[in-house]
Amino acid sequence: MMREAIDEFRRFQRDREVNSQLYSKLTVRGKVQVKSSDIQVGDLIIVEKNQRIPSDMVFLRTSEKAGSCFIRTDQLDGETDWKLKVAVSCTQRLPALGDLFSISAYVYAQKPQLDIHSFEGTFTREDSDPPVHESLSIENTLWASTIVASGTVIGVVIYTGKETRSVMNTSNPKNKVGLLDLELNRLTKALFLALVALSVVMVTLQGFVGPWYRNLFRFLLLFSYIIPISLRVNLDMGKAVYGWMMMKDENIPGTVVRTSTIPEELGRLVYLLTDKTGTLTQNEMVFKRLHLGTVSYGVDTMDEIQSHVRDSYSQMHSQAGGNNAGSTPPRKAQSSAPKVRKSVSSRIHEAVKAIVLCHNVTPVYESRAGVSGETEFAEADQDFSDENRTYQASSPDEVALVQWTESVGLTLVSRDLTSMQLKTPGGQVLSFCILQLFPFTSESKRMGIIVRDEATAEITFYLKGADVVMSAVVQYNDWLEEECGNMAREGLRTLVVAKKSLTEEQYQDFESRYTQAKLSMHDRTLKVAAVIESLEREMELLCLTGVEDQLQADVRPTLEMLRNAGIKVWMLTGDKLETATCVAQSSRLVPRTQDTHIFRRVTSRGEAHLELNAFRRKHDCALVISGDSLEVCLKYYEHEFMELACQCPAVVCCRCSPTQKACIVTLLQQHTGRRTCAIGDGGNDVSMIQAADCGIGIEGKEGRQASLAADFSVTQFRHVGRLLVVHGRNSYKRSAALGQFVMHRGLVISTMQAVFSSVFYFASVPLYQGFLMVGYATVYTMFPVFSLVLDQDVKPEMAMLYPELYKDLTKGRSLSFKTFLIWVLISIYQGFLVRLLFPGRFSGWLTPCSRVVGNAPVFSGGILMYGALVLFESEFVHVVAISFTALVLTELLMVALTVRTWHWLMVVAEFLSLGCYVSSLAFLNEYFGIGRVSFGAFLDFTFVTTVTFLWKVSAITVVSCLPLYVLKYLRRKLSPPSYCKLTS
C-alpha cells in the first residue's frame with residue numbers, strides 16, 4: 001500500500017508541474033501571467049513558439065505574416081507531422097493586438113465532442129455594418145496538448161479541463177491487479193475455509209465438552225498459520241527485486257518500471273496491441289526507387305539522376321540566355337514532345353519537376369541563433385540558407401519526396417498559399433503560381449495541383465496517387481501494375497505521378513465549372529469531384545516512386561519471436577489504411593505468405609452483416625479494418641466481430657481514435673478473458689496503455705507522455721521481446737514458486753500443531769511458543785525461501801532462442817489448484833503419518849491450563865511429530881526441540897530441492913539461516929519445553945549435542961524429504977517439463 005501511495009504521489013507531482021505552467025493572458029490592461037489551471041473559457045491566451053497549448057482555443061491571430069502557423073499534434077493523434085492552422089481573417093487583419101478589445105464579437109462553438117478531426121462554429125463581429133459572419137472549421141482550432149511550431153499565436157479559449165478534446169479522449173486509469181495476485185487470493189480463501197473446517201473438526205472430536213465456542217476460537221488462533229500472512233510481504237519484496245533486475249539488465253538499457261505491482265503480468269500475455277508510428281516505425285521516410293518504365297533508379301544510382309538534372313537545367317539556362325523571348329521555344333517543344341520519343345534526360349527532368357511541384361509541403365526556416373525581439377517581426381529575422389531549412393507537411397511521404405528532389409539538385413525554397421519557388425542546380429530561382437490545389441483524401445486516394453510557370457506562362461496539371469486509382473487515369477502502359485507489385489513486395493510505399501498540359505482556354509473553362517460546383521448547395525462534393533475528374537483523363541505517366549518507412553531496429557525478429565511465443569499482435573494506428581497495410585507487411589506483422597482481408601467500408605447494419613459474412617468464409621486470414629467500419633460492426637455485431645477477429649493471426653485497425661484504441665483493449669479482455677498488453681509512444685496511446693492489463697511506453701519523438709503513463713517504459717520496441725520472454729517469464733515462475741512455498745511453510749507447522757493437539761486428546765495447547773513461531777517465519781526460513789526469486793529454469797539466452805517456452809505460461813500451470821493441492825499433500829505428508837494409536841501416557845505432560853478429556857485413543861501421528869514421539873519416547877520432554885529442529889532442516893532441504901539453478905546468494909541464505917537457528921539454541925532454551933515458560937519448561941543444551949539426537953533428527957528429516965526427491969526425480973525422467981528437454 002505504501003509503495004502504491006508513493007507511485008500515486010509521483011503522478012500527482014507530474015500533474016501539478018503541468019498545471020503550474022505559466023501563460024500570458026491578454027487583458028485590457030495588457031499581458032498578465034496566469035497558471036494553466038486558472039485559465040477560463042473566454043480568456044485570450046498568448047502561446048509562444050514551442051509552448052504547449054493549455055486548452056482548446058479558436059485561433060484568432062498570429063505573428064506570421066501569412067496568417068497561418070504550424071502546430072505539432074503528436075501528443076493528440078500520434079502523428080509527428082506538423083499541421084497548418086489558419087487564423088480567423090477578421091481578427092488577423094486588425095492592426096495591433098490591443099485592437100482585439102476594441103471590437104464587439106463572439107464565438108459560437110458546438111458542444112464538447114470526442115472527434116479531434118472535426119469542429120463546427122462561427123465567429124461573428126457585431127460592431128460592423130452589416131455584421132461579419134465567418135465560418136469556423138477544424139483548421140481554425142488549436143487543441144490542448146498540441147505544441148506551437150512556428151510563430152506566436154493568440155486564441156480565445158472555448159473548452160477547458162474535462163471538456164477539452166485531449167481529456168475526453170483519455171480514459172480514467174484503473175487500479176491494476178495482477179492475475180497472479182487474484183489466483184493467490186482465491187487459494188488464500190480456500191486455506192481460510194480449511195482453517196475453519198479443521199478447527200470445527202477438532203472441537204467436534206472433543207465432543208463439544210464445556211465452553212466449546214471458546215475452544216473453537218483457540219483452535220482458530222492455533223491453526224492461524226495456515227493463512228500465509230507473510231505471503232504478501234514476500235511477494236511485494238519479490239516484485240521489487242524483479243523490477244530492479246529489469247532496470248539493471250544491460251541488454252535493455254533505459255528500461256524503467258513505473259508500476260511495481262504487476263511484473264508477473266509480463267509472463268501471462270496473449271494479446272499485444274501496438275501503435276504504428278514511432279513504435280514499429282521510426283517515422284522517417286527514405287526515398288528508395290524511381291521507375292520511369294524503361295529504366296529504374298535505386299539508392300546506388302541517384303548520382304546519375306543528379307547529373308541528368310544538372311545537365312538539363314544548364315542546357316535550358318543557356319537556351320534562355322541565347323533567346324530574349326525565351327518563353328516561345330520551350331512551349332513549342334512542350335507541345336510537340338508527345339509526338340517524338342523523349343530522351344532519358346528529359347524524362348528524368350520532367351519526373352523530378354513533377355515531384356517537387358505536386359505536394360502540400362512548406363519549407364520552414366528557423367530564426368537565427370541569438371536573435372531575440374518582438375515576435376510580431378519574427379519572420380524578418382529568419383535565415384533562408386539551405387542548412388537552416390526544414391520541410392513540413394501532413395504526410396512524411398511528401399517530405400521524403402521533396403528532400404530527395406533537393407538531394408538531386410532541384411530545391412523547394414519557399415511556398416505560401418498562392419505561389420511556390422524552386423532553386424535549380426545552377427542557383428536560378430523558378431517561380432510558379434498555384435492556381436488550384438486538390439488535397440489527398442481517403443476516398444480519392446490522390447492529390448493534384450495546377451500551377452502556372454511564371455517564366456513561360458505554361459499551365460500544367462500534376463497528379464499523384466495510389467496505383468489502384470491512377471492506373472485508370474493515365475495513358476495505356478504495360479509496366480505500371482507489375483512494377484507496383486514488385487515495389488510493394490519490397491515493403492515500399494508507391495506513388496504514381498502523372499501530368500497534363502493545359503491551355504489558357506482549357507483552364508478558364510475548368511475554373512468556371514469548378515467555382516460553380518463549389519457554390520452548389522446540393523451534392524456539392526459529388527459535383528466538385530465530377531469537375532476534377534473531367535481533367536483526369538489520358539494523363540501522361542511520368543514515373544513511379546518508392547518510399548520506405550524505416551522500421552525500428554529489429555522489429556521483424558521481435559515480432560516473429562512474439563508470434564512464436566503464442567502472443568497475437570494487433571496494430572492500432574491513426575494512420576491511413578494503405579500506409580498501415582504496407583507497414584504491417586514490411587514489418588512481417590502479416591507474413592508474406594499470409595492472406596489479408598481488407599474489410600470494406602461499411603456505414604449501415606446491412607452492409608456490416610454482408611461484409612462479416614464475407615469475412616467468415618475466409619480462414620487463417622489477417623484482418624485490416626478502418627475505425628469507421630469498426631465502430632459500425634461493434635455497434636450492431638459486437639460479439640460476432642470479436643469472435644472472428646480473435647481467430648485471426650494478426651489484426652490491423654487504421655484511422656483509430658484514442659478512445660477506440662482503449663475500447664478494443666477492453667473488448668478483448670471481456671470477450672477472451674486473456675491478459676492484454678498495450679504499447680505506444682504518443683499521448684494518443686495513453687488511454688490504450690491504461691486500459692490494458694499491462695502498459696508499455698516507448699520514449700521517442702512523440703514525447704514522454706505515454707512513457708510516464710505506462711507501467712513499464714522502454715527505449716526501443718525490440719526490448720519488448722526480452723522484457724516478456726525473459727523477465728516476464730522469470731517473474732511469473734518465481735512468484736508462483738515463492739507463493740506456494742510460503743503456503744507450504746504455514747501448512748506444515750499447522751499440521752504438526754494438529755497432530756500435537758490430537759496426541760493430547762484434542763486439547764488446544766500450543767506446540768511452539770510465540771518467539772519460535774515468529775523466528776520460524778522470519779530468520780530461520782525467510783532468507784532461503786525468499787532466495788527463490790533468484791531461481792531460473794533456463795538461461796536468458798535459451799529463453800530468447802526458444803520463445804515457445806513462453807506459451808506454457810499462458811495456461812497458468814505454474815500456479816493452479818492442481819499444484820496447490822500437490823503442495824498441500826506434501827505438507828500433510830511431512831506433518832502426518834499413517835494411522836497409529838497412542839495411549840494416553842503423555843497426558844501427564846499437560847500443563848494445568850489444559851483440560852484432560854480422558855484415555856481416548858488418538859490417531860494420526862506425523863513424520864516430524866511421529867518421528868519425534870517414537871524415536872524420543874523416553875525423552876518426551878524434548879519433543880519441541882526435536883520436532884522444531886527437524887522442521888527447520890526440512891524447510892531448508894525443501895528449498896534446496898525446489899531450486900533449479902543455484903546462485904551464490906542462495907547458498908549464503910541456506911547457511912545463514914542454519915547458523916541463526918543453531919546459535920539461537922544457546923540463549924532460547926526456555927522456549928524449547930512443553931507448556932508455558934512460567935511452568936519451568938527448559939532445554940538441556942548438552943542433550944542437543946549428543947550423537948543420538950543428531951542422527952535421529954537427521955533420520956526424521958531424511959524420511960520427510962527423501963521420498964519427495966525420489967518422486968520428483970522419477971517425474972522428471974518419465975514426464976519432463978519442456979525446459980528440461982532444452983537444458984539436457
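F438, F461, Y507, F510 and Y514 come together in one aromatic cluster. The model that shows this cluster is predicted, and 18 aromatic pairs are counted in it. The structure also holds 28 salt bridges, and its largest nonpolar core is made up of 81 residues.

**Aromatic pairs**

- Within the cluster, F438 and F461 form an edge-to-face pair, with 6.0 Å from centre to centre and 85° between the planes of the rings.
- Because F438 belongs to strand β21 (residues 429–438) and F461 to strand β23 (residues 459–465), this pair ties together parts of the chain that are 23 residues apart in sequence.
- F438 is buried, and F461 is buried as well.
- The rings of F219 and F223 have planes at 20° and centres 5.7 Å apart, and because planes under 30 degrees apart count as stacked, the pair is a stacked one.
- Burial applies to both members of this stacked pair, F219 and F223.

**Nonpolar cores**

- In the largest nonpolar core, the residues with the most contacts inside it are I696, F712 and F717.
- Helix α24, which covers residues 719–759, supplies the largest share of this core, namely 11 residues.
- When neighbours within four places in sequence are left aside, I696 is in contact with L266, C677, A678, I679, G680, I689, A710, F712, V714, V720 and L723.
- Another core, lying apart from the one that holds I696, has 42 residues, and among them are V356, C358, M420 and F432.

**Salt bridges**

- R675 forms a salt bridge with E265, in which the closest N and O atoms are 2.8 Å apart.
- This pair links distant parts of the chain, since R675 lies in strand β30 (residues 675–680) while E265 lies in the loop between β13 (256–257) and β14 (269–274), 410 residues apart.
- Both partners, R675 and E265, are buried.
- R675 also forms a salt bridge with D693, where the closest N and O atoms are 3.6 Å apart.
- In this second pairing of R675, the partner D693 sits in the loop between α22 (686–691) and β31 (694–698), 18 residues apart from R675 in strand β30.
- D693, like R675, is buried.
- Elsewhere, salt bridges that share partners join D181, R232, D236, K239 and E264 into one network.
- The side chains of R718 and D554 meet in a salt bridge with an N to O distance of 3.2 Å.
- That bridge links distant parts of the chain, 164 residues apart, with R718 in the loop between β32 (712–714) and α24, and D554 in the loop between β25 and α16 (555–564).
- R718 counts as partly exposed because its relative accessibility is 34%, and D554 counts as partly exposed because its relative accessibility is 41%.

**Strands β15, β16 and β25**

- Strand β15 (residues 281–291) runs antiparallel to strand β25 (residues 540–551), and the two are joined by seven bridges.
- Strand β15 is also joined to strand β16 (residues 296–297), again in an antiparallel arrangement, through two bridges.
- H291 takes part in both pairings, for its bridge partner in β25 is L544, whereas in β16 the residue standing opposite H291 is S296.
- β15 and β16 form a hairpin that has four residues between the strands, and G293, which lies in the turn, has a positive phi of about 105°.

**Surroundings of Q21**

- Q21 is found in the loop between α1 (2–19) and β1 (22–27).
- With a relative accessible area of 34%, Q21 is partly exposed.
- The side chain of Q21 is joined to that of Y23 by a polar contact of 3.3 Å.
- Not counting residues up to four places away in sequence, Q21 touches V34, K35, S36 and R52.
- Q21 and Q33 are 12 residues apart in sequence, and their C-alpha atoms are 9.8 Å apart in space.

How values were computed: Residues are numbered from 1 along each chain as its sequence is written. This is a predicted model: local features need pLDDT of at least 70, side-chain atom pairs count only at pLDDT 80 or more; totals for chains, interfaces and linings use all residues. Side-chain values use heavy atoms; hydrogens and water are left out. A nonpolar core is a set of buried Ala, Val, Leu, Ile, Met, Phe, Trp, Tyr and Cys residues joined through side-chain atoms within 4.5 Å. Buried means under 20% relative accessible area, exposed over 50%, partly exposed in between (1.4 Å probe, protein chains only). Contact means heavy atoms within 4.5 Å. Two strands pair if DSSP finds at least two bridges between them. Rings of Phe, Tyr and Trp (its six-membered ring) pair if their centres lie within 6.5 Å; planes under 30 degrees apart count as stacked, over 60 as edge-to-face and the rest as tilted. A polar contact is a pair of N or O atoms within 3.5 Å; within protein, one must be able to donate a hydrogen and the other to accept it, and residues adjacent in sequence count only if both atoms are side-chain atoms. A salt bridge is a side-chain nitrogen of Lys or Arg within 4 Å of a carboxyl oxygen of Asp or Glu.
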